Amino acid sequence: MARPIWKGHISFGLVNVPVVLNSAERRADLSFRMIDSRNSARIRYERVNEETGEEVPWDKIVKGYEYDDGNYVLLSEEELQNASPEMTKTIEIQQFVDLKDIDIRYFDRPYMLVPDKKGEKGYVLLREAIAESGKAGIAKVVIRGRQYLSALIAQGKAMVLELLRFHQELIDLSEFDLPSSDLREYGVSKKEIELASKLIEGMTARWDASKYHDEYRDALMKLIERKVKSGQTEAIEDVEAEEAPVTQTINFMDVLKRSVEHAEKGRTKSAARTAKPKGATRTRRPRKKRAG
């Protein structure tokens with residue numbers, strides 16, 4: 001069961017919907033520790049008081065703002081949460097925009113909203129209205145002492161709060177050396193675009209996230225298991241790196257044609273596996289003879 005981050009409400013005009021904010025992601029990263037390669041001892045990071053040199057326990061650590069050289073204002077987690085309750089416990093929708101108009105680069109991290117006690121009706125009402133409109137509610141929200149821009153989105157039975165990056169956090173596209181849209185400059189023909197579009201169509205399938213997983217993590221685990229099994233648990237520095245494939249000049253038209261043919265064959269085989277065989281007849285059970 002996900003641990004709630006905070007309880008508050010969505011402010012929608014004059015309507016308040018009690019909700020609970022939960023994380024909507026679960027990291028599956030491999031956990032590595034920092035090790036001294038000379039004796040395989042763990043490297044510890046200690047919370048040390050710079051004046052006394054003593055280690056500081058977690059329950060004695062607070063956040064501090066340096067308002068003058070060497071002078072700090074100390075703030076507890078409770079003070080941070082209650083500095084502005086209307087901001088730290090409220091998702092205030094400021095406007096609605098078409099979801100398709102939000103550049104994908106702005107999306108950062110999802111959070112799940114579930115209704116709090118007696119908040120089901122308002123939750124369902126807002127969820128259905130947003131889903132029907134195809135829009136997203138743009139709001140600001142404070143999570144763990146920092147304010148974020150966010151988009152409230154209806155997804156199936158849920159309302160998802162997607163944290164957004166602020167505009168100034170994105171690097172403008174003009175700062176990158178990107179090819180222009182002049183097809184003639186790069187020798188791209190309309191026929192090649194048509195073939196590429198046909199290839200995309202042939203490779204198109206219904207989105208199913210369960211089909212994909214972290215293959216690099218699997219490769220790392222196999223490497224770790226091999227090292228454990230062989231007893232060679234130390235780090236190897238002089239590993240022979242595999243050479244990257246040599247880039248060659250290719251005939252895009254020829255490659256696209258062959259790719260399209262390959263995609264169409266794969267699609268035909270897939271359709272044949274799922275289709276009902278022709279000439280298949282329904283097997284009838286023999287009738288039982290009546291007694292007497």
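**Exercise 1. Find the strand that holds Val 73, then work out what Val 73 does at the surface of this predicted model.**

Step 1: Look up the strand. Val 73 sits in strand E6.

Step 2: Check how much of Val 73 is accessible. Its relative accessible area is 38%. Partly exposed covers the range between 20% and 50%, so Val 73 counts as partly exposed.

Step 3: See who joins it. Val 73 belongs to a nonpolar surface patch with Tyr 65, Tyr 67 and Leu 75, and together they have about 410 Å² of accessible area. Strands E5 (63–68) and E6 (71–75) are the elements that give two or more residues to this patch.

**Exercise 2. Decide whether Thr 90 is buried or exposed, and name the side chain it touches.**

Step 1: Place the residue. Thr 90 is part of strand E7, which covers residues 90–98.

Step 2: Apply the cut-off. Buried means under 20% relative accessible area; Thr 90 has 7%, so it is buried.

Step 3: Look for a partner. The Thr 90 side chain makes a polar contact with the side chain of His 9, at 3.5 Å.

**Exercise 3. Work out how the buried residues of helix H3 are arranged around its axis.**

Step 1: Get the helix straight. H3 runs over residues 120–133, 14 residues in total, and spans 20 Å from first C-alpha to last, close to the 20 Å expected.

Step 2: List what's tucked away. Tyr 123, Leu 126, Arg 127 and Ile 130 are buried in H3.

Step 3: Look down the axis. The buried residues of H3 fall within an arc of 100 degrees, so they line one face of the helix. Here's the background: an α-helix has 3.6 residues a turn, so residues three or four places apart point the same way.

Step 4: Flip to the other side. Exposed residues Lys 121, Leu 125 and Glu 132 are on the face turned away from the buried side of H3.

Step 5: Step off the end. Gly 134 follows H3, and its phi is positive, near 70 degrees.

**Exercise 4. Compare the surroundings of three salt bridges, starting with the one between Glu 128 and Arg 127.**

Step 1: Glu 128 and Arg 127 meet at 2.9 Å, N to O. Arg 127 is buried at 14%, while Glu 128 is partly exposed at 41%.

Step 2: Lys 100 and Asp 101 pair up with their closest N and O atoms 3.6 Å apart. Lys 100 is exposed at 69%, and Asp 101 is exposed at 55%.

Step 3: Asp 36 and Arg 38 form a salt bridge at 2.7 Å, N to O, and Arg 38 is exposed at 73%.

Terms used: Residues numbered from 1 in each chain as written. Predicted model: local features only at pLDDT ≥ 70, side-chain atom pairs only at ≥ 80, totals over all residues. Heavy atoms only, no water. Helix = DSSP H or I, 4+ residues; strand = E, 2+ residues; numbered from the N terminus. Expected span 1.5 Å × (residues − 1). Buried < 20%, exposed > 50% of the residue type's maximum accessible area, 1.4 Å probe, protein only. Arc of directions from axis to C-beta. Patch = residues over 30% accessible without salt bridge, like charges linked within 9 Å, V, L, I, M, F, W, Y side chains within 5 Å. Areas by Shrake-Rupley, 256 points an atom, 1.4 Å probe, with all protein chains shown as cover. Salt bridge = Lys/Arg side-chain N within 4 Å of Asp/Glu carboxyl O. Polar contact = N/O pair within 3.5 Å; in protein donor to acceptor, adjacent residues only side chain to side chain.
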